[in-house]
Each structure stands twice: as structure tokens, then as C-alpha cells.
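User: I would like to go through this model and ask, for each label put on it, what the label rests on.

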Amino acid sequence: MKLTTKLLAATAIMSASAASAVELEVTHWWTSGGEAAAVGKFAEAWNATGNTWVDGAIAGSGGTARPIIISRILGGDPMGATQLNHGRQAEELIEAGMMLDLTDVAEAGGWKDIVNPSSLLDSCTLDGKIYCVPVNIHSAQWLWLSHDAYEKAGQPVPTDWNEFVASAPALTEAGIVPLAMGQQGWQQNLAFGAITIAVAGIDAWREVTVNKNADVARGPEYTAVFNAVADARELARESNVQDWNQATNMVITGMAGAQLMGDWAQGEFSVAEQVEGVDYSCLPGLGLNEILDTGGDAFYFPANDDPEITAAQKELAALLISPEVQVSFNLAKGSLPVRGDIDMASANGCMQKGLGILAEGGVLPSGDQSLSADTQTQIEDLMAEFWSGDMPAADAQARYADLIASAD
Ligand code: GAL
């Protein structure tokens, strides 16, 4: 392209976006310190285009936010864009024709060639059309450990889940809560899933969660899982916090030895200026089975009749997956980028471990990708009941296997 042509093209782009400067409300549930820092990167990039990011943060977890998001769309009060998790959470809205088709944006941006792993784009695709833009990979199978707590207890920092369990009495002795746990079903279910992969292994997990094999869920491998989760429940008895980031804060301040949480916890350690390997450690796959799931976040754009808004929605979709935004957002969020063609050299040790596992193809679908939103909610309810009371492990296993038997 000649310089004059380039300049003309640049002017045309600038005047087009200036002429169509649009305010878009974007809903999400990113309200912890690390999450707010990360979503700020999106807002910054969007505002720099001359458009305006109207922040629609919904306090609480995804479990609180999702019903609000969905009922607003169904009730005719749609936002410009919204976060949801990778997977099947928007399935019914897409089928009802309520979500914008982004296929043209995806084709123009070559998403099929850049999105890695391609399963993330599959999760956005229904009947060959693309309805969301994946923005990150977040995995749930991580154990976060406080060096301060282990120093106080006079113990080496564990290198896997079994060592962590063995170290728990020394932590208790030193007045430290072994396991920080927020009292919410999704967190307890996350811990259950992470322990499953560590204790029963990947094949058993896949058989149950992907193939919905209730016999394996009733079998001995899962008996070992439920026993391990019952032990973890005891280690978390003195943890009275609700939100996941309050539990992370217990690890940051050395009040707790460890937390089972997704890699978004990394954002909290960063905001607290803690250094991986010095102040805390992270063990993907709980140090036993180094594998990560490909959960995370995608943005959806509710359909509307205003062509100006539709154009702005498509512009935002393209921006969220652009190389610079992918780097700045994911470094703040603690998540892995969805494109393999960008430089993440400045990522810290935990993210480098995640990138290494991803490069070796050590990935699984997330529960949200394999199970319907209804099934996920039923399992989370069971986990909430199990973790907060004294339900015997065998009863929980039987009820879980029944849910798998009827899962869709
Ligand atoms: C997940 C989401 C993450 C993180 C976490 C806790 O659903 O994928 O981005 O924000 O919730 O809020």
C-alpha cells in the first residue's frame, strides 16, 4: 500500500469510529482487586478507540451474576456485551436468536487459525456460526500455598496434595487454618474437581464428566475421591469466609496454609505484590497430575436492532482478542491468552507453568464445557450441602452418581 493510500485508509478508520462513538454497557462479575485491574485493561483499550465502556460489574460470583445477566436479556433490557464462562451457559439464548452472530468478525480476524486450543472456539459455535469471543483460558486445578504459614509451622512448603495433607496437623498446631475455603457451592465444586483429577486421575475424571459414566462415579476411584474431599472438609472447618478472594487473602496473609482455586487467584497475589516462589507457591494439578482445564471467559453480545450498536459490538469483539489487549488483560488476570502467537515472556512463574502445560497439550474440557448449566448447578448444590455439614462421603458419592446418571 502506498503511503497516501495508507493515510487515507487510516483517516477513514478514525473518522468512522469517531462518527460511531458508542457507549456500551459491559456486564461481568470481576470485582476482586485482581479482577478489577484486569477488566480495567479492556475498558482502557475500548475507551482509547473513542467509544465508551460503561462498566456493569455485578458483585458476587458467577452464580449470582449469571441469572441477572440472563434475565436482563430475556426481559428486553440487554447490555451491549457480557462475560460468561466458556461452554454451554448461553446455549438457550443462542437457540432463541437472542445473541449476535459474530461469524463475519471471526472470519475477518482469522479466529479459526489463531484461537488455541480450538475447543474454545467450538464452545462459541452453534450450527456453524460463532456467537462469542473467547478472551482467556482459566483453569481450576491449582493449589496455592503460603510460604509464611509454612515458615511459622516450621515445615517445608509441600510439593503436592499428599504432602499438603500430611503437613496439616503442624499447621493446626501453629494456629493456622490448613485449607482456606469460601462457603459457596461453586468453590466447593471447584475443589472437588481439582481433588478428583489429583486422586482419581484424568481417565476416571473424563469418563465421568465427559462421558457421564455413572458406574465409574459409583466405583472405587470415586470412593477415594469422596474420602479425600471429606478429609479436605475437615481441614477447612475453621475457614469462615464466603468469597473466593477472601480465602485467597487468608493465604496471602499467612492465616491459612493453602487454597484450592483457579488461576485467577494469581491476580490477587499480584495486587498484593507477592512474589511466586518467595511468598507463595502454586501447584498445577495439585502437583500430582499436571493437567489443566480450558475453562475461562468469553464475551457475548445480545442482539439488537440498532445498526450502530451492532457495529460497535463487533468492533469490541475484535478488540478483545487483538494481540496487545490479550497480553495486557491476561497478565493482569493470571489467565493464559487464547492466541498462541503473542509474547508472554513477562508472565510470572505460575503462568509460565500453565503455558508449558498448554504447549504440551495437557488440557481437558472444563465442567462448564461438558455439562449443562442445570447439571452444574445441581452438583454445586450437592457440594454446598456436603462441605457445610456432616454428610457421609458414601452418601455424597451416591447422590453425585445419580446426578451423573441423569446429566445432559
Ligand atoms: C470464573 C471466571 C474467572 C474468575 C472467577 C472468580 O467463573 O472464569 O474469570 O473471575 O470466576 O470470579
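Analyst: In this predicted model, the centres of domain 1 and domain 2, taken over C-alpha atoms, are separated by 30 Å. The contact takes 14 residues from domain 1 and 15 residues from domain 2, where contact means heavy atoms within 4.5 Å.

User: Which parts of the chain make up domain 1 and domain 2?

Analyst: Domain 1 is made of 2–138 + 295–348, and domain 2 of 142–293 + 371–405. These bounds come from an automatic or database domain assignment.

User: How much area do domain 1 and domain 2 bury between them, and which residues of domain 1 supply more of its buried area than any other three?

Analyst: The two domains bury about 1,200 Å² between them, with 50% of it on carbon and sulfur atoms. On the side of domain 1, R88, H138 and N348 supply 35% of the area that it buries against domain 2.

User: What is the count of salt bridges between domain 1 and domain 2, and how many residue pairs are in polar contact across their interface?

Analyst: The count of salt bridges is zero, because no side-chain nitrogen of Lys or Arg in one domain is found within 4 Å of a carboxyl oxygen of Asp or Glu in the other. Polar contacts are judged by another rule, and across this interface that rule finds six residue pairs, both residues of each pair at pLDDT 80 or more.

User: Why are W30, N85 and W244 said to be in polar contact with the ligand?

Analyst: A polar side-chain atom of W30 lies 3.0 Å from an oxygen atom of the ligand, the value for N85 is 3.0 Å, and that for W244 is 3.3 Å. The cut-off for a pair of N or O atoms is 3.5 Å, so each of these three meets it. The protein covers 93% of the 300 Å² of accessible area that the ligand has on its own.

User: What makes up the shell around the ligand by class, and from which domains is it drawn?

Analyst: The shell has five nonpolar, three polar and three charged residues, and it draws at least three residues from each of domain 1 and domain 2. Among the residues that surround the ligand are W29, E35, H138, D297 and K333. Glu, Asp and Lys count as charged, and therefore E35, D297 and K333 fall in that class.

Notes. Residues numbered from 1 in each chain as written. Predicted model: local features only at pLDDT ≥ 70, side-chain atom pairs only at ≥ 80, totals over all residues. Heavy atoms only, no water. Near = heavy atom within 4 Å. Polar contact = N/O pair within 3.5 Å; in protein donor to acceptor, adjacent residues only side chain to side chain. Areas by Shrake-Rupley, 256 points an atom, 1.4 Å probe, with all protein chains shown as cover. Buried area = accessible area lost by both parts, 1.4 Å probe.
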